[in-house]
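Student: I should like to learn how the features of a structural model are read. Could you take me through them one by one?

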There are 2 protein chains.
Amino acid sequence: MASDYIPPVEDYRFLFGEAFGLDLVARGTAGAFSAEDATEIIAGAGEFAASVLAPLETIGDRAGARLEDGQVHLPTGFAEAYRAFVEAGWITAEAPESAGGDGLPGSIRAGLGEIWNGSNAAFALCWLLTAGQIHALDAAASDELRETYLTKLVSGEWTGTMNLTEPDAGTDLGAIRTMATPRDDGSWSISGQKIFITWGDHDVAENIVHLVLARTPDAPAGAKGLSLFVAPKFLPDADGNPGERNAVTTVAIEHKLGIHGSPTCVLSYEDATGYLVGEVGGGLAGMFVMMNSARAGMGFQATGISNRAYQQAAAYAEGRLQGAVFDRPAGTPIAEHPDVRRLLLSMQSRLYAMRALGVYLGDLFDRAETDGTGVLAEFLVPILKGWATEDAVALTSDAIQVHGGMGFIEETGVAQHYRDARIMPIYEGTTAIQSNDLIGRKVIRDSGATAEALFSEMAETVAALRALDDAVAVRTAERLERAVAAGRAATASVLGFGQSRDAYAVSVPYLMLLGTLAGGWMHALAVVAVLSRETAGESDAERLRSADFYGAHHLPRVHMLAETVAAGEVA
Amino acid sequence: MASDYIPPVEDYRFLFGEAFGLDLVARGTAGAFSAEDATEIIAGAGEFAASVLAPLETIGDRAGARLEDGQVHLPTGFAEAYRAFVEAGWITAEAPESAGGDGLPGSIRAGLGEIWNGSNAAFALCWLLTAGQIHALDAAASDELRETYLTKLVSGEWTGTMNLTEPDAGTDLGAIRTMATPRDDGSWSISGQKIFITWGDHDVAENIVHLVLARTPDAPAGAKGLSLFVAPKFLPDADGNPGERNAVTTVAIEHKLGIHGSPTCVLSYEDATGYLVGEVGGGLAGMFVMMNSARAGMGFQATGISNRAYQQAAAYAEGRLQGAVFDRPAGTPIAEHPDVRRLLLSMQSRLYAMRALGVYLGDLFDRAETDGTGVLAEFLVPILKGWATEDAVALTSDAIQVHGGMGFIEETGVAQHYRDARIMPIYEGTTAIQSNDLIGRKVIRDSGATAEALFSEMAETVAALRALDDAVAVRTAERLERAVAAGRAATASVLGFGQSRDAYAVSVPYLMLLGTLAGGWMHALAVVAVLSRETAGESDAERLRSADFYGAHHLPRVHMLAETVAAGEVA
């Protein structure tokens, strides 16, 4: 059994109001929301998640989704939970105002993303894809499509999916073969097979809207020939309600390592009806809106699953007595064994780093339109997605280790997080795809300007730490300064390689370096925030310890990775 | 489905005859076996494993062991395979001559251990525990016990288990509560509950011999009060054949993350009959013989599972065409994508490092009695066990990543290796237990003398590399020299901490540093061997590349870890 879910409200309170030295939410929303409002929203979401979503996590894993006579069924409780989720307004909360949603700022949506994923990652994927599609349709759909589909998605009545992958077109989207042929009535006929479609069919909502990448007749080869289509499970009738069944069939669902509560479908389109979104040939651009949203969402999922695994490990270690603990009185729980404590601090400090970077990124997106931070936001998306998901896999493994032999027993529940987490570095673009995007489009293309802007911000934090009279601040400044130098050296290596195999052979180490470094920066900012305050907070000591631990155990990885990056491809 | 199993015969040929600059097998056995003999034995074992054991691996995972009416049943095929395994003489091959076995040298047994585990890890656990018990009984059992039990184990008719853990006595063996009370007839009455008993019951052999740690009446508290007992499933009759059922009951079997083909039992002893092995109070010493054997065996299991995962990933990547490969002609498989190639080389280079260290350790044990290498062997056991098993978990994760989305689908088979591997850093003593043994008993106790002896040997390899006129040799020498310096610095840190929480809070990073460094040394020795030969070998280029890759991607980790070790406990 998974442990109870405890929403990380205090961390979000700190992140919204203190960690960055200002009310981040108020700045990002020009005062429309404050850090206090944001914390209340997070607390409310946390309460909902703990009471409604978390209890279904184990059930989803054990019972799993099943396909019967062409219809996917979720385990008992999922449909009710989804209805409650919609009625509580959590789908609408995700949607921008332009689409009729609440227009919550990105910093808050980062927190919500963590909470849905942390309480029930399989369930959260339905939310994630629906939210992604809302953003994609809001950006590109015609008024007619907005009225028919977007409103139903925003109200939560219908859910969304993302149809990219085919048996021979995964990472290489240019190989997509699904065809869309125009019909006389303005609709399109779609035929082909799509695989790995998350929540591609289910019984928790009355209709499903598929966003499908397909090739049009006479389109150029490769990715440029792709267009984007909306294809619903049930075609809307004259009143906009689900009518006739569209020619989309669920052929199979996958038997997976984890996220069993999320149905992964093989969908077959046979002369199915679809509607063009945006321009012919503009499919990839349109899908990228959804994909970018989903990639940032993966950072929040990584944080959520990591949080759940950490909480379970911490609860076990604090409740378990066994043997004498080195230099501690009898009756001390195993959480104080030097190595168990190391594992818990290791998890906790990585968790804070990814959570903080998620909020920081969410805020950047909000400010993107007004102050040009969009470039930095785009730079950080692949880093958060790649680094946080890879780290989350390692973190969930640590959570098993804390349990000893019990961790390997499925009933303990912690193994589920380990199984669930393993998909994250793969879907929504593998870590290699993220790293290629990073070095190809975001480092080499602007000759390292954005990377250097980021390093300069970090250097300012080093200066701020130097002004503080505190041992942790002194250590953190020294470590961060060296780490920034390693980041600059690695960036110079990548720029030296240019568009070559040398660059792409070390793109993942480079991405992991920047992610690890960004995590260290997040901790450094927390140190500055905590030590700059007049009145001490309850969690101050813990925050300083966490930063110090990250600096000693995780941040040094940047030096290892810089050496790897410098070597280029090993011929 | 798992891929076909290809025995790594060529690597063992190289390790036995070339890697260490001499015929290692002939030296270790004073000429009784040569490297050529050894390679033939490995080839024979590999053939058996590929045809008999490997086909059962997926079956074991899917069907799993099941408990019915107090009897554990293995999936169809396991009993036949075990019979064939015994008939082919592979149990007897493991036993020392003193126990009526073949007395194969440790270097060959390292290779066999890898092969059984690599073809079917769940099956191999039965072999591993039986072999461990053979060594334990050979060291401590009375003539009567030898005749009744040891001969049956060596012949393969009966199998062995290791009964340590109880619900409140896992890592802390001193908390064991199972009681053994002497009876008038010289036997003992054993009562208590043991958990996590691997192959604790099954239907593949006619009898099972449990080696049980229990407390005797009036024994001192803690580990000193423990004695060792043999307790069979069926009590031998007058002819030594399985007779009456002993009072040992299988209460449950565990539902685990992996190794489903290996039954993990809860055993209840209720006035069961047992026989004392060795002296009263000498239980832990006796069990340590078995445990040491099992811990080295974990190194071979880590190698075996890693090899299987690597082979499956390599086969997939070499057979899969998708999209254009950077700077390679059309039709190049994904194995040549820069990042897929990185993942494959990363796996392959770690695999060689652990395989080589296993053979090196096996050889040290052989020479222990004649030239005092036993101290170094004991030093390396926790390093191999801790480092190789942790690295194997990361390596099987890489194997999933190479497959992309297909890696997450259970039918692909690669996820099984990831699930199976996760138990290795836990059982036979967690990584923390290995690291505490390492720093407490093997570094601090002799003031770093053994560690320094190892570093000096590595420094000699640096000198040998320097004498070679080759770019890889130059790079390897420079990297290894810096890494040895990091190892010395970390050892000085640990010695400076002494027996304190500072030392035990960084014992795992210290162990991982030494393991990573030892792996780099193994590669460096291979570079020397390859470049010192007159005639080039077919696999030379690959070996040099592997060493170069390890030096660029894995060895730099020692610097990261040295920084972590130096920090001690983060207060």
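Tutor: The dialogue below goes from the whole chain to the interface, the strands and some single residues.

Tutor: This is a predicted model, in which local features need pLDDT of at least 70 and side-chain atom pairs count only at pLDDT 80 or more, while totals for chains, interfaces and linings use all residues; side-chain values use heavy atoms, with hydrogens and water left out. Residues are numbered from 1 along each chain as its sequence is written, and chains are lettered from A and ligands numbered from 1 in the order in which they are written.

Student: How many helices and strands does chain A have?

Tutor: Helices (H or I, at least four residues) and strands (E, at least two) are DSSP runs, numbered from the N terminus. Chain A has 19 helices and eleven strands. Its radius of gyration is 24 Å, close to the 25 Å from the globule rule for 571 residues, so chain A is as compact as a globular protein of that length. That radius is taken over C-alpha atoms, and the rule is 2.2 Å times the number of residues to the power 0.38. The C-alpha trace of chain A spans about 75 × 55 × 50 Å along its principal axes.

Student: What share of the residues in chain A is buried?

Tutor: Buried means under 20% relative accessible area, exposed over 50%, and partly exposed in between (1.4 Å probe, protein chains only). Of the 571 residues in chain A, 65% are buried. As for contacts (heavy atoms within 4.5 Å), those in chain A with a separation of 6 or more are 75% between residues 24 or more positions apart.

Student: Which domains does UniProt list for chain A?

Tutor: UniProt positions follow the numbering used here, feature names are shortened, and annotations may be inferred rather than shown by experiment. The unreviewed entry lists "domain: Acyl-CoA dehydrogenase/oxidase N-terminal" at residues 37–157 of chain A. That span is 66% helix and 5% strand, with its end C-alpha atoms 27 Å apart. The unreviewed entry in UniProt also places "domain: Acyl-CoA oxidase/dehydrogenase middle" at residues 162–271 of chain A. Residues 162–271 are 0% helix and 49% strand, and their end C-alpha atoms lie 19 Å apart.

Student: How is the contact between chain A and chain B described?

Tutor: The size of an interface is often given as the accessible area lost when the parts come together. Here, buried area is the accessible area (1.4 Å probe) that two parts lose on being put together, summed over both. Between chain A and chain B it is about 6200 Å², of which carbon and sulfur atoms give 59%. In chain A, Phe408(A), Arg501(A) and Val570(A) lose the most area to chain B, together 15% of what that side buries. The contact takes 75 residues from chain A and 75 residues from chain B.

Student: Which way do the residues of strand S3 of chain B point?

Tutor: In a regular strand the side chains alternate between the two faces of the sheet. From S3(B), Trp158(B), Gly160(B) and Met162(B) point one way, whereas Thr159(B), Thr161(B) and Asn163(B) point the other way, and all are buried. Strand S3 covers residues 158–163 of chain B.

Student: What does S3(B) pair with?

Tutor: Two strands pair if DSSP finds at least two bridges between them. S3(B) runs parallel to strand S6 (residues 207–215) of chain B, joined by six bridges, and Trp158(B) stands opposite Asn207(B). In S6(B), nine of its nine residues are buried. S6(B) also pairs with strand S7 (residues 226–232) of chain B in the antiparallel sense, over seven bridges. There, Ala231(B) is the bridge partner of His210(B).

Student: What is the sign of phi at Asp271(A)?

Tutor: Most residues other than glycine have a negative phi. Asp271(A), although not a glycine, has a positive phi of about 55°. Asp271(A) belongs to strand S11 (residues 264–277) of chain A and counts as partly exposed, at 46% relative accessibility. In chain B, Ser447(B) has a positive phi near 50°. Ser447(B) is in the loop between helix H13 (431–444) and helix H14 (449–466) of chain B, and Ser447(B) counts as exposed because its relative accessibility is 56%.
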